[in-house]
Amino acid sequence: MVLEISLLIVAGYLLGSIPSAVWIGKWFYGTDVREHGSHNAGATNTLRVLGRRAALPVFIIDAAKGYGAVMLAHLTDLEGDSFFFLKIGLTAAAILGHIFPIFAGFKGGKGVATMAGCMLAIAPVPMLMGLGTFIIVLAATHYVSLGSMTGGVLFPVYIIIVNGFHSPYKIAFGVLVAVVLVITHRKNIKRLREGTENKTYLFLKRPKS
């Protein structure tokens, strides 16, 4: 069982390492998104650098690899707490793979979309509520970072709303997600406070200056 779990963790990391932003940028646009914008290999920077047509598949693939990594847990016979902890381990592996992808020189993105996929596999309804929050905040402010953090911080609250306090490990996972999102957005928080954070016009065209 130890060998089986170890192989699944490695598989989760390899799934997370699929550098969709890098490959799509290079193959279809001749551009390495890591050399432009925020220099992150993620959907948000792809949107800024290459536009919506490139960013949408990047987001879908990044979310799908997180979801797929967590679903690997179903290949085992584990149940209860052990099954849940394996899902957490696979989540960590997938996000680590996205941030440090072996297929792209260990230079990836922040892992927000990949984390969203993992969240969907572990707590689907709270995650969709968090996604709704993200969309509302993004539409209102045009700050992807603020939307991501708001949705993430409220994720454990949504878990409690949906499941009550009957799933302490799931609540702890939600809190961990919130903390990780805030930590990975430290620079964004600084730019938000300084008023220098880039805006993203996902639903409307950028207004002319």
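Helices here are DSSP runs of H or I with at least four residues, numbered from the N terminus. Keep in mind that this is a predicted model.

**Exercise 1. Find the helix that holds V10, say how exposed V10 is, and name the surface patch that includes it.**

Step 1: Start with the helix. V10 sits in α1, which covers residues 2-16.

Step 2: Now the exposure. The relative accessible area of V10 is 46%. Buried needs under 20% and exposed needs over 50%, so V10 comes out as partly exposed.

Step 3: Look for its partners on the surface. V10 belongs to a nonpolar patch with L14, L96, F100, I102, F103 and F106. Together these residues offer about 630 Å² of accessible area.

Step 4: Follow F103 a bit further. Besides being in the patch, F103 forms one aromatic cluster with W23 and W27.

**Exercise 2. Work out which residues of α2 are buried and what covers them.**

Step 1: Helix α2 takes in residues 20-29, and its buried residues are S20, A21, V22, I24 and G25.

Step 2: Check the spacing. Residues three or four places apart in an α-helix point the same way, because there are 3.6 residues a turn.

Step 3: Look at the cover. It includes α3 (43-50) and α4 (52-71).

Step 4: Step off the end of the helix. Just after α2 comes G30, with a positive phi of about 65 degrees.

**Exercise 3. Is S148 buried or exposed, and which residues does S148 contact?**

Step 1: Place the residue. S148 is part of helix α8, residues 144-163.

Step 2: Its relative accessibility is 11%, so S148 counts as buried.

Step 3: Skip the neighbours within four places in sequence, and the contacts of S148 are V112, F134, L181 and H185.

**Exercise 4. Count the aromatic pairs, then take apart F85–Y169 and F155–F173.**

Step 1: The count is five aromatic pairs.

Step 2: F85 and Y169 lie 4.9 Å apart, centre to centre, with 65 degrees between the planes. Edge-to-face calls for over 60 degrees, and this pair is edge-to-face.

Step 3: Place the two rings. F85 is in α5 (residues 80-99) and Y169 in α9 (residues 168-184), so the pair links distant parts of the chain, 84 residues apart.

Step 4: Check the exposure. F85 is partly exposed at 42% relative accessibility, and Y169 is partly exposed at 40%.

Step 5: Turn to F155 and F173. Their centres are 6.1 Å apart and their planes 85 degrees apart, again edge-to-face. F155 is in α8 and F173 in α9, so this pair ties together parts that are 18 residues apart in sequence.

Step 6: F155 is buried at 0% relative accessibility, and F173 is buried at 4%.

**Exercise 5. Sort out the salt bridges of D32 and R191.**

Step 1: Get the total. The structure holds four salt bridges.

Step 2: Recall the principle. Side chains of opposite charge can pair when their charged atoms come close.

Step 3: Take D32. With K26, the closest N and O atoms are 3.8 Å apart; with R34, they are 3.0 Å apart.

Step 4: Add the exposure. D32 and R34 are both buried, while K26 is partly exposed at 43% relative accessibility.

Step 5: Take R191. Its salt bridge with E197 has its closest N and O atoms 2.8 Å apart. R191 is partly exposed at 29%, whereas E197 is buried at 7%.

Step 6: Look for shared partners. Through these, K26, D32 and R34 are joined into one network.

Terms used
Residues numbered from 1 in each chain as written. Predicted model: local features only at pLDDT ≥ 70, side-chain atom pairs only at ≥ 80, totals over all residues. Heavy atoms only, no water. Buried < 20%, exposed > 50% of the residue type's maximum accessible area, 1.4 Å probe, protein only. Helix = DSSP H or I, 4+ residues; strand = E, 2+ residues; numbered from the N terminus. Contact = heavy atoms within 4.5 Å. Patch = residues over 30% accessible without salt bridge, like charges linked within 9 Å, V, L, I, M, F, W, Y side chains within 5 Å. Areas by Shrake-Rupley, 256 points an atom, 1.4 Å probe, with all protein chains shown as cover. Salt bridge = Lys/Arg side-chain N within 4 Å of Asp/Glu carboxyl O. Phe/Tyr/Trp six-rings, centres within 6.5 Å; stacked < 30°, edge-to-face > 60°.
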